[in-house]
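Subject: Structure handover

Hello,

Here is the structure I promised to pass on. Please open it alongside this email; my notes follow below.

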Amino acid sequence: MEATLMRAWERPFCGSLRAADVGRRVELVGWVRRRRNLGGIVFVDLRDREGWVQVLARDELREAGEKLSQEDVVRVVGTVAARSAETVNAEMPTGEVEVEAETVELLTAAETPPFVVEDRVNASEELRLRYRYLDLRRPEMMATVLLRDRIVFAIREYFHKMAFVDVETPILTRSTPEGARDFLVPSRLSRGTFYALPQSPQLFKQLLQVAGLGRYIQIARCFRDEALRAERQLEFTQVDVEASFVEEEDIFTIIEGLFAHVFPIVGITPPATFPRMTFDEAMERFGTDRPDTRFGMELVDLGAVAKTCAFEALRSAAVSGRVKGLAVPGGASFSRKQLDELSDLVKPFGAPGVMWFRKTAEGYGSPAKKALGDQGIAAFLQAGGAGEGDLLVAVGGAAKVVFAALGALRMELGRRLGVIPNDAHAFLWVTDFPLLEWDEETKRYYASHHPFTSPKPEDVDTLESDPGAVRARAYDVVMDGVELGGGSIRIHDPALQRKVFSALGIDEAQAKHKFGFLLEAFRYGAPPHGGIALGLDRMVMLMVGKDSIRDVIAFPKTTAGNCLLTEAPNTVDAEQLRELHIALT
């Protein structure tokens, strides 16, 4: 084998060769994607992270080429040649060229992989996660990893130009259990005490504003011990932003500028400014604080007609709670089985089911027809804006249940009916969230965002008399029905912070125990400040058109919180537990 032609970092990638490289002598390293023997020549597709190129092994190299198997690691030295016109493959980036090998060296032989390393793979997600390093070799997955790198670079580039400073904050910190559950880490050196992994760098980025940093950015790793779903993981990455002397409009402008810089990477051009919608309006119209505004089927209020109707269940629901519905275009043709499925869809949200109404050529229909009659059904259809051939579905009960049930039902029906445009995107700011949420089980208020979110100035006076009515200076940025991030203007006045703690049932002693270091810092001149945290995994997921953030994270966990690759979580040695002063019961 002759000497290496070039340094490792100067070596071209297999997938980077083009017609302009014809005549160039190159050294390539990669994995065997495919090998075939035709007419006395061995053709080898050699693959690396950028794609693959066809290598020709002739004459004395035929024997070496014939011994290669899929996923073998190979080094090739050769010359880039133009393919003949009849063999050009226009469907692959390297399809105009091939490499005529001078040497072929097997670096590592590979066993037969548990699934074929191609985009068209029949392997289950569990098998792919078990062998994630093989799954990442697939062009689709590798392209996502490379795209994520481009996105992160563009984010850092944007904030660097905006004079934001990248600061790393601690991973081992103290537990502040006011949000999701903390992951706890026992201390070996301080018996009986624990660190917590950060749910976010919230407190530290506020302290950096007290320190006078002014503008902070971090691509931060965060940890929350909570239920997993398609857009959540136990550990995740967020674009963490904080700045001093800002108002809401400043944050909106910063993030709209960031999206204008980043989203065109994948051919998406966001609007220069995003529409705004209050939390209350979003809930009333869409049943969720992260509405997908790309399609209609908005919620309508049926309370007035329900309060005077002859059907007792809806009438009592309207008196004690809310009755809302949505019109489904063309839904009158749904079968009875499909109608029954609608009730199954809302039951996980606490609703007993849905009531439906329709008018077809055969007449009026509803499970409540006996009580309502044709006239009563017609009244509901008119109130819901449903015409002949449409279906009106209604849910009654507590407002929180009604909104959650209909919000989820709207999205599911939108998907089933195919009315959500896949080639369009909708960006939105949702504002004026409630500062506090009442928990019926514990009989106390909790912070909707976190306890350092500032109330709107005009609502401060009602913190004691009507805490649930206080609006926060909080905001979420939403894309296509997915919350990409949330933030707020923070409290910088110690007196106001004490008022909010009081509304949360946190007394002086508790506040000092949990947040004493922050409150003390505020005594030495805290500037007005605010920020936002964007979910990087969710951003990339939407940018590449995936349905799960597991597809855009190199080594994700399952929905059960397990890493199938490393078999984590797992047991530890008894000696490790003794060192940490822990006994399992």
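**Overall picture**

Among contacts between residues at least 6 apart in sequence, 66% join residues at least 24 apart. Bear in mind that this is a predicted model. The protein has 585 residues, and 48% of them count as buried. Its secondary structure comes to 16 helices and 22 strands. The C-alpha trace spans about 90 × 75 × 55 Å along its principal axes.

**The barrel**

Start at the N-terminal strands. A barrel closes from 5 strands, in the order 1-2-3-5-4, with mixed pairing. From one strand to the next, the twist averages 55°.

Strand 3 (residues 51–57) is a good place to look. This strand is mostly covered, with 6 of its 7 residues buried. On one side, strand 2 (residues 41–48) runs antiparallel to strand 3, and 7 bridges join the two. They form a hairpin with 2 residues between them. Two pairs help to fix the register. Arginine 47 stands opposite tryptophan 52, and leucine 46 has valine 53 as its bridge partner.

Strand 3 also pairs with strand 5 (residues 97–108), this time in the parallel sense, over 2 bridges. There, leucine 56 has glutamate 100 in strand 5 as its bridge partner.

**The open sheet**

Next, the open sheet. It is formed by 8 strands in the order 6-9-10-22-21-20-17-11, again with mixed pairing. Its edges are strand 6 (165–166) and strand 11 (276–278), each of which pairs on one side only. Helix 7 (residues 279–286) packs on this sheet, where it touches strand 11 and strand 17 (427–431). The direction of helix 7 makes about 85° with that of strand 11.

Within the sheet, strand 10 (residues 235–244) and strand 22 (residues 529–535) run antiparallel and are joined by 7 bridges. Glutamate 242 stands opposite glycine 531 in strand 22.

**Helices worth a look**

Helix 5 (residues 202–210) has 7 of its 9 residues buried, so it is largely enclosed by the rest of the structure. The buried residues are Gln202, Leu203, Lys205, Gln206, Leu208, Gln209 and Val210. Their cover includes strand 9 (215–223), strand 10, helix 14 and strand 22. Two of those strands, 10 and 22, are the pair with 7 bridges described above. After helix 5 comes glycine 212, with a positive phi near 95°.

Helix 14 (residues 508–522) also packs against helix 13 (residues 494–503), at an angle of about 155° and with the axes 12 Å apart. The two helices are therefore roughly antiparallel to each other. Their crossing is right-handed. Helix 13 brings Pro494, Gln497, Arg498 and Phe501 to the contact. Helix 14 meets them with Glu508, Ala511, Phe515, Leu519 and Phe522. By type, these residues divide into 6 nonpolar, 1 polar and 2 charged.

**Backbone points to check**

Most residues other than glycine have a negative phi, and most peptide bonds are trans. Three sites go against that.

- Glutamate 71 has a positive phi of about 75°, although it is not a glycine. It sits in the loop between helix 1 (62–66) and strand 4 (73–82). Glutamate 71 is buried, with a relative accessible area of 4%.
- Aspartate 480 has a phi near 55°, a positive value in a residue other than glycine. Its loop lies between strand 20 (474–479) and strand 21 (482–489). Aspartate 480 is buried too, with a relative accessible area of 10%.
- The peptide bond from alanine 568 to proline 569 is cis, with omega near 0°. Proline 569 belongs to the loop between helix 15 and helix 16.

**One loop residue**

Which residue in the loop between helix 15 (536–544) and helix 16 (574–579) should you look at next? Try threonine 558. Threonine 558 is buried, with a relative accessible area of 13%. Beyond its neighbours within four places in sequence, threonine 558 is in contact with Leu129, Leu228, Gln233 and Leu564.

Best wishes

Conventions: Residues numbered from 1 in each chain as written. Predicted model: local features only at pLDDT ≥ 70, side-chain atom pairs only at ≥ 80, totals over all residues. Heavy atoms only, no water. Axes fitted to C-alpha atoms, helices over the stretch in contact; angles between N-to-C directions. Helix = DSSP H or I, 4+ residues; strand = E, 2+ residues; numbered from the N terminus. Parallel < 35°, antiparallel > 145°, perpendicular 65-115°, else oblique. Left-handed = near helix turned anticlockwise from the far one by under 90°. Contact = heavy atoms within 4.5 Å. Nonpolar A, V, L, I, M, F, W, Y, C, P; charged D, E, K, R; others polar. Pairing = 2+ DSSP bridges. Buried < 20%, exposed > 50% of the residue type's maximum accessible area, 1.4 Å probe, protein only.
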